[in-house]
Amino acid sequence: MNDLTATAQAWGVETEYFDVFGKRYAASEATLKRLIEAVSAGRAGPAAVDVSAESAKEPTMRCWQGDGRRLWLLAVQLYSLRSRRNWGIGDFTDLGHLVARAAARGAAGIGLNPLHALFPDDPERASPYAPNSRLFVNPLYIDVEAIPEFPGLMAAGLDDEVASLRETELVAYARVAAAKMRGLRLAYETFRAAASASRRADFETYREEQGDALLRFACFEVLRQQHAPVPWTEWPHPWRSPEIADLHDFRFRHHDEVAFQEYVQWVADRQLAACQHAAHRHGMPVGLYVDVAVGIDRHGADAWTNHGAVLNGVSMGAPPDEFNPGGQDWGLAPLNPHAVHEHDFQAVRLLMRAAMRHAGAVRLDHVLGLQRVFMIPLGHPALEGAYVRFPFHRLLSVIAEESVRLKCIVIGEDLGTVSADFRETVARWGLWSYRVMLFEREGDDAHFKPPEAYPAAALATFNTHDMASFRGWLEGHDMRVKRAIGLDPGEDDGARDWTRQKLREILNERAPDQAPDDIAAVAAFLGQTPSHLVVISLDDVLGEREQVNIPGTIDQHPNWHRKLSVLIEALDGHDTLRRVGEMFAKAGRGI
C-alpha cells in the first residue's frame, strides 16, 4: 500500500469502484488527491468516522413501522395539479382537495415530489431535487387567496393574470412567481399593519419553533437579493460565514425584509400542516408521503449555512448503469462525512425533523448515500469519480430516532449500484426498500417477478418520476422523445416489445379480469404484493403520455413543468381512479 492509498483510506476515500455491470474502475491519482483535499480541508486529521461495513452490528432502534396494514397511496407532482381556482400551479388547497378525493377511493395518503425551497427570483430552475434549502418550503405552493391578510385578486390587480395563468399548457414559473410574490407582499403589508392578536401569536410561535434555522434562511434570502447575481462564495467576507449575533443584528437593521421571508415560510408551513390534518380527518393512516432530495444547490441557503460541512470542488453523482453508460454528475454539493460527525449529526437531525414535520412517511432519495457517496471533482467527467464513505450506522441511528419520535415511516430509494450488505443493513434499522415493477425482473428471459417475490418491508410502484409514464411506456413514446432530442433510450424497439409482452403475460395471469394495457391491472398486480405500501401515480391514472423528467436533459424537455390534463374537480367521477381504488380494495388494501 503506497502513501496515497493509505491516506485515502484514512479519510474514507475508496480507491476503486465497480459499476452495475461489475466492471472495475481504479480511481486516478488526481481524483484521489482532489477528494482527499476536499474532505480534509481545515482539519487536523480524520474524524472518528464509522466507515466500515459493520454488517453484523445490531441497531439500537428501528424506524417507525406503522400499524402493519397493507395500504396504497396516490402520487402526484404537486405543481402539476390543475384546478378552476389555482394560480397556474398546484398549491396546498389543491392538495387538500386531492386528499379528500383520494381518501374517498380508499387511498391511505398522497405521495409528493420534494417541497423544498427553491429560488423564487430564478423560478425556471424548477427541479425540486436541486434545492436552495431542504429545511424550508417552496412558497410557490402557497394558496395566496387562503391567507387571511390577502386583500383579494381584484384589489391586488391580479385577476386577469391569474385567469391567464390557469390556461397555460405548462407551468409558467416566472409569471407564477411574480404574481405570487406580489400577492404575498400585499398580504404581509396587511399583516404588519393590522394582523389579529391570534395571528401574531402564531407567527411568533412558528419563529420560536424554527429558531436559528429560520433566522439564517431568512437573512440569506435578503442577502442574496442584495448581492444578486453574485453567489454567496463571492460576497464580502463578513457575510460569507456570519456569526449568529451578526444575523440578529442584520435582522434588526433590515427588519421588514427579513420578517417578510419568515412570514412567507410561516404561511407555507401552516398550509402544509393543514393538508396533513385534513388527511387525518379523512382517516388516512399515512397522510402525506414526502420526498427528500439527496443533495443541495452549492449556491443555496443550506450550503451557506453549513459551509463548513459542505464540500467544495466536488459534486455528487453515480457510476455507470444501464441507462447512463458514462456515469452521472448531478451537480449537487455533498456534505463532508467528517464534518457531519464532528457536529454530532445536527444537520441530519434538522433535515429529518423538517421532512417529517407534516408527514406520515418520507422517501430518502438515493439512500445509498448514507453509506457512501460517489463524488466527482468539478470539471472532470463522471467516470473519474470515486466513492467517499460516510458514518453509515450513526446516520441510520439518527434517522431511526427521529422516525420513532415523529411516528414517520422511512422509505429508502435503493436503486442503482448497491453494495452487497446495504439492503440487509438498512432493513435491520427499519428502513423500507423501494421496489419498481419495471426493474423487478429475473431469469434468462427477463420475466417479471410475481407479486409474492416482493418484500413486505417495502414500497412497490410501477415507475418513478425519472421514467416513462405507463401509457408512454406502452406506446414507446418515451423512446421516440429521447431519440428526437439525441438521447439513447437505453433499449431498442425489439427489447421494448419483448418487455411489453412479458408485462402482458404476468398481468393476464395475475389480473385476468382486467385489460393488461389498463393501469387498473397494474394496481391489481401490485395490490397482491406483501409490500406494506403501494404507490400509483396520478399521471398514470389519468393516462398522461409525457414523462415528468428526463434525466440528462436541461432545455430539451419541459422537465418539472407539465400540468395534468384533467382538472382536480373532475376527479370525483373519474372512472379509472374509481377502478384503481376497487382493485386495491379487492386486494385488501385501503382505509
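Visitor: What makes the lining of the largest cavity divide into 13 nonpolar, ten polar and six charged residues?

Guide: Happy to explain! Ala, Val, Leu, Ile, Met, Phe, Trp, Tyr, Cys and Pro count as nonpolar, Asp, Glu, Lys and Arg as charged, and the others, Gly among them, as polar, so the lining splits into 13, ten and six. This is a predicted model, where local features need pLDDT of at least 70, side-chain atom pairs count only at pLDDT 80 or more, and totals for chains, interfaces and linings use all residues. Residues are numbered from 1 along each chain as its sequence is written, and side-chain values use heavy atoms, without hydrogens and water.

Visitor: Why is this space called a cavity?

Guide: Because, on a 1 Å grid over the protein atoms alone, a 1.4 Å probe fits at its points but cannot get out; lining residues have an atom within 4 Å of a point. The largest cavity holds about 380 Å³, the space filled by probe spheres set on points joined across faces, edges and corners. Among its 29 lining residues, Ala75, Gln77, Thr464, His465 and Ser537 lie nearest the centre.

Visitor: How many cavities of 30 Å³ or more are there?

Guide: Four. The second largest has about 60 Å³, and its lining includes Phe119, Arg125, Asn138 and Tyr173. That lining has eight nonpolar residues, one polar and one charged.

Visitor: What makes a space a pocket instead?

Guide: A pocket is an open set with protein on both sides within 12 Å along at least five of seven lines. The second largest pocket offers about 990 Å³. Its lining has 47 residues, with Arg134, Asn306, Leu335, Ala347 and Val348 nearest its centre. They divide into 31 nonpolar, eleven polar and five charged.
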